[in-house]
Amino acid sequence: MSGSLDGRVAVVTGGGSGIGRACALRLAADGAKVGVFDLDGESARAVADEITAAGGTAHGVGVDVTSREQINQGVGEIRGLWGPITILVNSAGRELFKRFLDITDELWNAVHDVNLAGTFRCCQAVAPDMIEAGWGRIVNISSSSAQGGQPFMTAYAASKGGVITFTKSLALELGPNGITVNTIPPGFIITPMTERNAAKGYLGADGLDAVAARTPVRRAGQPEDIAAACSFLCSDEAGYITGQIIGVNGGRNTTSAVF
Ligand SMILES: NC(=O)c1ccc[n+]([C@@H]2O[C@H](COP(=O)([O-])OP(=O)(O)OC[C@H]3O[C@@H](n4cnc5c(N)ncnc54)[C@H](O)[C@@H]3O)[C@@H](O)[C@H]2O)c1
């Protein structure tokens, strides 16, 4: 496999499933060597095996992004294999659907610990490599719920809103070092997370088909839609794009009209 990311070393968190998996496969197809991190180490290793079987280079590691120790261990493992890491995709995330009045401090903190603080920790773990190289690409997966708001998702949407503001601020700070930092807020992408939520009725009684029918491009998004945007943001060509929110959402959150 070779392409726009030949010779680059990447880490994708939450790479064992859904959007993270698609980003890992795509970056590997573009020529990057990919460290696949996931809380579920088995799925991380399975995705790495999938990449290797397709002719790419990957290594799967069980990493919980709430643990600085596990992140440092995983990052050390990838560096030991292939050298400095200059691409990071933060896709690890957990959802929470709960009535506002039922959200406890523990739940609020647990969601923020993965979605926002996990992103912070992983960026901090690899930024020194990028600064040393004078080149880096960070893509943080946020959420369209942070752009439009979402009932019963106050903790989740707030954590993802934090990811957006964090991204903008880090982009300003690391820009002089040749590092770009952007965020993709996905909207309605079919992944195990979305299917889980649909099965519980969280997407409305009519289910996935009805949501697709209300989406301007009249289909649900696929993880590969996010991976394509991620691939571009990680390329050399995207070097003048930083601090941006690149919505990949089929037109949702862009228009208030349903037509
Ligand atoms: N699917 C969508 O429509 C959608 C919309 C908006 C935002 N997102 C965001 O996209 C990202 C990927 O979601 P997805 O839909 O692919 O879901 P998914 O559940 O398929 O994948 C999420 C992955 O993150 C991993 N993970 C969870 N907690 C972790 C932790 N503490 N440490 C490491 N890994 C952890 C899970 O094991 C899983 O493999 C998430 O951040 C999610 O919030 C998804």
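1. Start at the ligand, with Leu39. In this predicted model, a backbone N or O atom of Leu39 lies 3.2 Å from a nitrogen atom of the ligand. Thr194 also approaches a ligand nitrogen, this time through its side chain: one of its polar side-chain atoms lies 3.1 Å from a nitrogen atom of the ligand. With Asp38, the partner on the ligand is an oxygen atom, and a polar side-chain atom of Asp38 lies 2.6 Å from it. How much of the ligand's accessible area does the protein cover? On its own the ligand has 830 Å² of accessible area, and the protein covers 92% of that.

2. Now step back to the whole shell. The ligand is surrounded by 26 residues, and the closest are Ser17, Asp38, Tyr156, Lys160 and Thr191. Sorted by class, the shell has 13 nonpolar, nine polar and four charged residues. Which helix gives the most to this shell? That is α8, with four residues. Helices α1 (18-29), α7 (154-174) and α8 (192-199) each supply at least two residues.

3. Have a look at Ser142 next. You will find Ser142 in the loop between β5 (136-141) and α6 (145-148). Is Ser142 buried or exposed? Its relative accessible area is 2%, so Ser142 is buried. Leaving aside neighbours within four places in sequence, Ser142 is in contact with Lys160, Val163, Ile164, Thr183, Ile184, Pro185 and Pro186. You have met one of these already: Lys160 is among the residues closest to the ligand.

4. Here is a nice one for the viewer. How many aromatic pairs does a search of the whole structure find? It finds one. The partners are Phe97 and Tyr202; their ring centres are 4.4 Å apart and their planes are at 20°, so the pair is stacked. A pair of aromatic rings is described by the distance of the centres and the angle of the planes. Phe97 sits in the loop between β4 (87-90) and α4 (105-115), and Tyr202 in the loop between α8 and α9 (207-213), so the pair ties together parts that are 105 residues apart in sequence. Phe97 has 17% relative accessibility and counts as buried, whereas Tyr202, at 38%, counts as partly exposed.

5. Two backbone angles deserve a second look. Most residues other than glycine have a negative phi. Phe188 has a positive phi of about 55° although it is not a glycine. Arg218 is not a glycine either, and has a positive phi of about 60°. Where do these residues lie? Phe188 is in the loop between β6 (179-184) and α8, while Arg218 is in the loop between α9 and α10 (223-233). Phe188 counts as buried because its relative accessibility is 12%, under the 20% limit. Arg218 counts as partly exposed, at 42% relative accessibility.

6. Finally, try Ala125, which belongs to helix α5 (residues 117-133). With 11% relative accessibility, Ala125 counts as buried. Beyond its neighbours within four places in sequence, Ala125 is in contact with Ile71, Asn72, Val75 and Arg79. Now pick Gln150 as well: what is the C-alpha to C-alpha distance between Ala125 and Gln150? The two are 25 residues apart in sequence and 31 Å apart in space.

Conventions. Residues numbered from 1 in each chain as written. Predicted model: local features only at pLDDT ≥ 70, side-chain atom pairs only at ≥ 80, totals over all residues. Heavy atoms only, no water. Near = heavy atom within 4 Å. Polar contact = N/O pair within 3.5 Å; in protein donor to acceptor, adjacent residues only side chain to side chain. Areas by Shrake-Rupley, 256 points an atom, 1.4 Å probe, with all protein chains shown as cover. Nonpolar A, V, L, I, M, F, W, Y, C, P; charged D, E, K, R; others polar. Buried < 20%, exposed > 50% of the residue type's maximum accessible area, 1.4 Å probe, protein only. Contact = heavy atoms within 4.5 Å. Phe/Tyr/Trp six-rings, centres within 6.5 Å; stacked < 30°, edge-to-face > 60°.
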